[in-house]
Amino acid sequence: MVLKAIGKYKLLVTAALLTMLLQVGAALWQPSYMKKILSVMANMSLSTNGKVDKISDYGVALIGIAIIGLVGSILNTVTAAKISQAVSADLREMTFRKIQTFSYEDIEKYKSENLVVRMTNDINQIQMLLMMIFQVLIRVPLLFVGAFILSIITMPRLWWIIVVMVILIMLVTGFSMKLMGPHFMAFQKLMDRINGIAKDNLRGARVVKSFVQEKSQAAKFNKESDELMGHNLAVGYAFSTMIPAFTIISQLAIFVAILLVSTFITKSASYAQDQLGGIMSFIQYMMQIMFAIIMGGMMSMFASRGLVSMGRIREINDTQVSMTFDDVADETLDGSVEFDHVSFSYPNDDAPTLKDISFKIKPGQMVGVVGATGAGKSTLAQLIPRLFDPTDGTVKVGDKDLKHVSKGTLKKTVSIVLQKAILFSGTIAGNLKQGKPDATEEEMNRAAKIAQAAEFIDRLPDRYDAEVEERGNNFSGGQKQRMSITRGVIKQPKILILDDSTSALDARSEKLVQDAFNRELNDTTTIIIAQKISSVVHADTILVLDEGHLVAQGNHKELVATSDVYRQIYDTQKAKEA
Ligand SMILES: Nc1ncnc2c1ncn2[C@@H]1O[C@H](COP(=O)(O)OP(=O)(O)OP(=O)(O)O)[C@@H](O)[C@H]1O
């Protein structure tokens with residue numbers, strides 16, 4: 001997946017690789033000139049004629065090589081940044097598009113905060129890994145092998161120092177990586193949890209404040225945050241020992257090399273003139289070898305985090321969407337609804353929430369759904385716009401099994417106004433047009449009048465262009481519900497489901513909404529889920545749910561006479577009102 005995404009940027013990738021080569025070439029070339037300069041200096045006492053000129057020529061060449069290396073480095077950083085940014089943006093967009101195809105069930109399985117972390121933090125990890133790859137991937141092995149060979153050619157008698165140094169550095173790097181690995185693995189999961197707590201806390205800020213929950217929320221957050229800090233510290237400790245260990249090893253290697261060369265010099269004067277310059281380049285090559293191993297270690301660290309993130313992003317993109325729609329032409333369905341022996345269990349929940357439910361609703365009927373809290377009313381409603389598929393049985397709309405209806409047909413036939421009014425930041429018009437993207441102002445007006453939203457929208461200076469803040473925070477609960485109902489009715493669906501969506505309206509407004517429905521939405525099948533029996537008392541038929549079972553169906557009068565569950569709810573509510 002990532003390779004495919006990188007494949008789009010072949011030109012940039014080639015440029016990054018070439019500039020990386022340029023950098024390595026310059027780095028490996030530089031010490032040989034250093035050796036030449038020092039060799040000339042070592043021989044100076046014998047005859048200085050022409051030697052200063054030679055030194056300055058070598059000096060100019062050295063600066064030239066440094067400039068080539070610098071240009072290579074700048075171009076490499078720019079191209080690596082471009083590739084990593086472009087690829088991560090592509091991955092982010094691709095993943096977001098994939099999430100848009102998810103069913104509600106898929107989103108529930110992942111959890112929204114987990115998806116947010118994947119789209120942000122995991123993509124950042126991949127971006128950092130790509131940056132690293134295009135800055136050091138070729139550089140590390142080339143620099144390592146090149147410096148290794150050249151150091152031995154420069155000082156053949158000191159080959160063993162290099163070998164011992166490489167072994168020691170690799171051991172330290174391997175040991176440190178082993179210590180750090182599990183902590184990196186824990187990062188992402190903790191980030192998911194921290195994000196979830198922060199999201200819940202900020203979303204429920206009013207609850208937190210009104211129930212004085214700041215301390216307990218902070219304690220919950222601190223627990224996860226401290227755990228993250230623990231992992232970060234462990235990585236920090238491993239790093240803090242790794243770097244000094246490298247320094248000790250390299251200093252030791254330099255000391256032994258100088259000591260040995262000094263011994264050779266005392267034994268042979270000619271060796272001094274031949275090899276004195278070599279020791280300088282030898283040390284530089286040693287440093288380059290060490291740098292290559294450290295970079296390799298860092299890369300494996302980024303890689304271990306980046307690979308976990310790649311796995312998490314791939315998991316989203318490889319997800320088999322749990323709900324697909326038949327690729328059939330859109331059609332016009334009537335507003336009848338039929339549940340045929342429908343049972344339903346939530347994902348990861350063994351016990352069924354709906355149990356063997358069967359009923360039929362005729363087009364244009366007004367239907368009430370009542371039952372105790374948790375009886376399964378909202379769950380039943382969510383099966384009609386296919387937010388979930390039933391575990392058993394069939395849900396039909398307009399006599400067609402929902403599983404064989406196109407997405408377009410379902411969208412124009414069914415509209416649901418959820419229990420919680422969810423608005424998006426933007427304008428009122430932007431929110432209403434989610435119900436019908438090409439809605440005219442006249443259509444918005446008509447829908448707003450039915451939902452009793454026109455009265456407050458008309459009072460706003462910008463009317464439909466008035467700003468809606470994040471989650472509609474600048475509107476009251478009742479206003480949000482009215483806008484939500486407006487969005488639901490604007491496309492004039494054949495079936496309108498109101499899931500307890502007038503709960504924040506006062507009795508007068510609720511009555512006005514219901515009257516408007518009766519007047520304006522005569523042909524629409526209206527399914528009203530209600531806590532209060534008074535909201536559905538005039539319905540053509542009422543479904544009574546009890547612990548996931550449909551225990552009775554009929555109009556108010558019939559149910560009072562025949563259903564114990566219904567009568568019980570009715571009597572309790574009447575007693576409260578009295
Ligand atoms: N997304 C979900 N995942 C798992 N279980 C759920 C989910 N939503 C609801 N449930 C469970 O299903 C049962 C029925 O919930 P549902 O919301 O349908 O009841 P309800 O009758 O609409 O209740 P209320 O009147 O309080 O809104 C409850 O026990 C609830 O815990």
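## Strand β3

In this predicted model, every residue of strand β3 listed here is buried: M366, G368 and V370 point one way from the strand, while V367, V369 and G371 point the other way. Six of the six residues of β3 are buried, so the strand is largely enclosed by the rest of the structure.

Strand β3 comprises residues 366-371 and pairs in the parallel sense with strand β10, residues 525-529, over four bridges. Within this pairing, M366 stands opposite T526 of β10, and G368 stands opposite I528 of β10. Strand β3 also runs parallel to strand β11, residues 541-546, to which five bridges join it. In that pairing, V369 of β3 lies opposite L543 of β11.

## The sheet as a whole

Strands β3, β10 and β11 belong to an open sheet of six strands, whose order is β6-β9-β10-β3-β11-β12 and whose pairing is mixed. The edges are occupied by β6 (414-417) and β12 (549-554); each has a single partner strand, so one side of each is left without a neighbour in the sheet. From one strand to the next, the twist averages 15°. In general, the strands of a sheet pair through backbone hydrogen bonds, in either a parallel or an antiparallel arrangement.

Helix α16, residues 477-489, packs on the sheet and touches β6 and β9 (495-499). The direction of helix α16 makes about 175° with that of β6.

## Strand β9 and its partners

How many of the residues of β9 are buried? Five of the five are, so strand β9 is largely enclosed by the rest of the structure. I495, I497 and D499 point one way from β9, whereas L496 and L498 point the other way, and all of them are buried.

Strand β9 has pairings with both β6 and β10. Four bridges join β6 to β9 in a parallel arrangement, and V414 has I495 of β9 as its bridge partner. Five bridges join β9 to β10, and these two strands likewise run parallel; here L496 is paired with T526 of β10. Between β9 and β10 the chain passes through helix α17, residues 507-520, and this β-α-β crossover is right-handed.

T526 of β10 therefore appears in two pairings, because it is the bridge partner of L496 and also stands opposite M366 of β3.

## The ligand shell

Which residues surround the ligand? They are E108, Y346, D349, T353, G371, T373, G374, A375, G376, K377, S378 and T379. G371, one of these residues, is also among the buried residues of β3.

Helix α11, residues 377-383, gives the most to this shell, with three residues. By character, the residues of the shell divide into two nonpolar, seven polar and three charged.

## S56 in helix α3

Helix α3, residues 51-101, contains S56. Is S56 buried or exposed? With 11 other C-beta atoms within 10 Å, S56 is exposed, since a residue counts as exposed if 12 or fewer such atoms lie within that distance.

S56 and I37 are 19 residues apart along the chain, and their C-alpha atoms are separated by 8.6 Å.

Key: Residues are numbered from 1 along each chain as its sequence is written. This is a predicted model: local features need pLDDT of at least 70, side-chain atom pairs count only at pLDDT 80 or more; totals for chains, interfaces and linings use all residues. Two strands pair if DSSP finds at least two bridges between them. Axes are lines fitted to C-alpha atoms, for helices over the stretch in contact, and angles run from 0 to 180 degrees between N-to-C directions. Two residues are in contact if their C-beta atoms, placed from the backbone, lie within 7 Å. A residue is buried if 20 or more other C-beta atoms lie within 10 Å of its own, exposed if 12 or fewer, and partly exposed in between; C-beta atoms are placed from the backbone. A crossover is right-handed if, with the strands pointing away from the viewer, the path from the first strand over the helix to the second runs clockwise. A residue is near a molecule or strand if its C-beta atom, placed from the backbone, lies within 6 Å of it. Ala, Val, Leu, Ile, Met, Phe, Trp, Tyr, Cys and Pro count as nonpolar, Asp, Glu, Lys and Arg as charged, and the others, Gly among them, as polar.
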